[in-house]
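Trainee: Hi! Could you walk me through a structure today? I'd like to ask lots of small questions.

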Amino acid sequence: MVCLFIVYFAIGCEPEETTLSFETIEQKAGPGAGKEYESSDLRIMVITKPEEIGDLNGWVSDAAISELNMLEYKPSFAIVVFQGRKPTDRYSVQIERITRSGDKVRVFIKLLEPPQDQAKNDIITSPYHLVSVQKTDSWAQNVTFEVVDSLTNTVIASTISYVP
C-alpha cells in the first residue's frame, strides 16, 4: 500500500509539458554578419538580457542584433541554434517546436543536409536559426536547454542558463 502511494505521488508531482510560442528573428545558411561560427559542433545559445547579445560574436546579422536589442526581455528571451561550420552550401537548421517541463526546455530541430546526388558549392557555411520565445508562467531559475533532433528524438546539445 505504501509503495502505491509513493508511485502515485511521484507521478503526480511531475511538471506538465507545455509548448512555448516562438517567432523567427532570423534563419540563414551562411554567416549573418560575415563572421562564421568557428566550430563544426552544433551549439545552442540563450539570450535572456541585452548584455548577452555581444556573446553572438558577429555570427548573426546586424538586423538580427537590432531586433534582439528591441526585444522585451521581461516577457521573452531568445534562442539561437548554430548547426556548426559546414564545408558546402545547402545545409540548414530549423527550430520546429519548443517545450517546457519545469526547469527543462526542449528545442526540437530539423537538420537538413545537401542531397548526395546534387551539385554543391565549395564554400564554408554556418547555418543557424534565431528565435524569440514567449515566457509562460514563472521562470526565475536555472533552466536546462536541450536541443533534440526531431527525426531521432535524440538530445544532441544542451546548455544551462538562468532565465529571469
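Trainee: Let's start with a strand, then. Which residue does Ile-109 stand opposite in E8?

Mentor: Ile-109 faces Asp-149 there. Keep in mind that we are looking at a predicted model.

Trainee: Okay! In which sense do E6 and E8 pair, parallel or antiparallel?

Mentor: E6 and E8 run in the parallel sense, with 6 bridges between them.

Trainee: And what about E5 and E6, parallel or antiparallel?

Mentor: That pairing is antiparallel, over 9 bridges. To give you one example, Arg-100 has Val-105 in E6 as its bridge partner.

Trainee: How many residues sit between the strands in the hairpin of E5 and E6?

Mentor: There are 2 residues between the strands. Look at Gly-102 in that hairpin, where phi is positive, near 65°.

Trainee: Changing topic: how many salt bridges does the structure hold?

Mentor: It holds 2 salt bridges. In one of them, Glu-146 pairs with Lys-104, and their closest N and O atoms are 3.8 Å apart. This pair links distant parts of the chain, as Glu-146 lies in strand E8 (residues 141-149) and Lys-104 in strand E6 (residues 104-112), 42 residues apart.

Trainee: Which side chain does Glu-146 meet in a salt bridge at 3.3 Å?

Mentor: That one is Arg-106, with the 3.3 Å taken from N to O. Arg-106 is in strand E6 and Glu-146 in strand E8, so here too distant parts of the chain are linked, with their positions 40 residues apart in sequence.

Trainee: What do the shared partners add up to?

Mentor: Lys-104, Arg-106 and Glu-146 are joined into one network by salt bridges that share partners.

Trainee: Why do side chains like that pair up at all?

Mentor: Opposite charges on side chains can pair when the charged atoms come close.

Trainee: Back to the residues themselves. Is Glu-146 buried or exposed?

Mentor: Glu-146 is buried, because its relative accessible area is 13% and the cut-off for buried is under 20%. Lys-104, at 35% relative accessibility, counts as partly exposed.

Trainee: Where is Lys-86, by the way?

Mentor: Lys-86 sits in the loop between strand E4 (76-82) and strand E5 (92-101). Lys-86 is buried yet has no salt bridge.

Trainee: What is the nearest side chain of opposite charge to Lys-86?

Mentor: Glu-113 is the nearest, 5.7 Å away. A salt bridge needs the nitrogen and oxygen within 4 Å, so this pair does not count as one. Leaving out residues up to four places away in sequence, Lys-86 touches several others, including Tyr-91, Ile-123 and Pro-127.

Trainee: I also spotted Thr-144. Which strand is it found in?

Mentor: Thr-144 is in strand E8. With a relative accessible area of 25%, Thr-144 is partly exposed. Beyond its neighbours within four places in sequence, its contacts include Asp-103, Lys-104 and Ile-160.

Trainee: How about Ser-161, is that buried or exposed?

Mentor: Ser-161 is buried, at 10% relative accessible area, and belongs to strand E9 (residues 154-163). Not counting residues up to four places away in sequence, Ser-161 touches Val-46, Asn-142 and Phe-145, among others.

Trainee: Last one! What is the mean pLDDT of the protein chain?

Mentor: The mean is 87, and 85% of the residues reach 70 or more. Be careful with residues 2-10, though: their pLDDT is below 50, and beyond near neighbours in sequence the stretch has 0 contacts in the model.

Notes:
Residues numbered from 1 in each chain as written. Predicted model: local features only at pLDDT ≥ 70, side-chain atom pairs only at ≥ 80, totals over all residues. Heavy atoms only, no water. Helix = DSSP H or I, 4+ residues; strand = E, 2+ residues; numbered from the N terminus. Buried < 20%, exposed > 50% of the residue type's maximum accessible area, 1.4 Å probe, protein only. Contact = heavy atoms within 4.5 Å. pLDDT = per-residue confidence, 0-100. Lys, Arg positive; Asp, Glu negative; His and termini not counted. Pairing = 2+ DSSP bridges.
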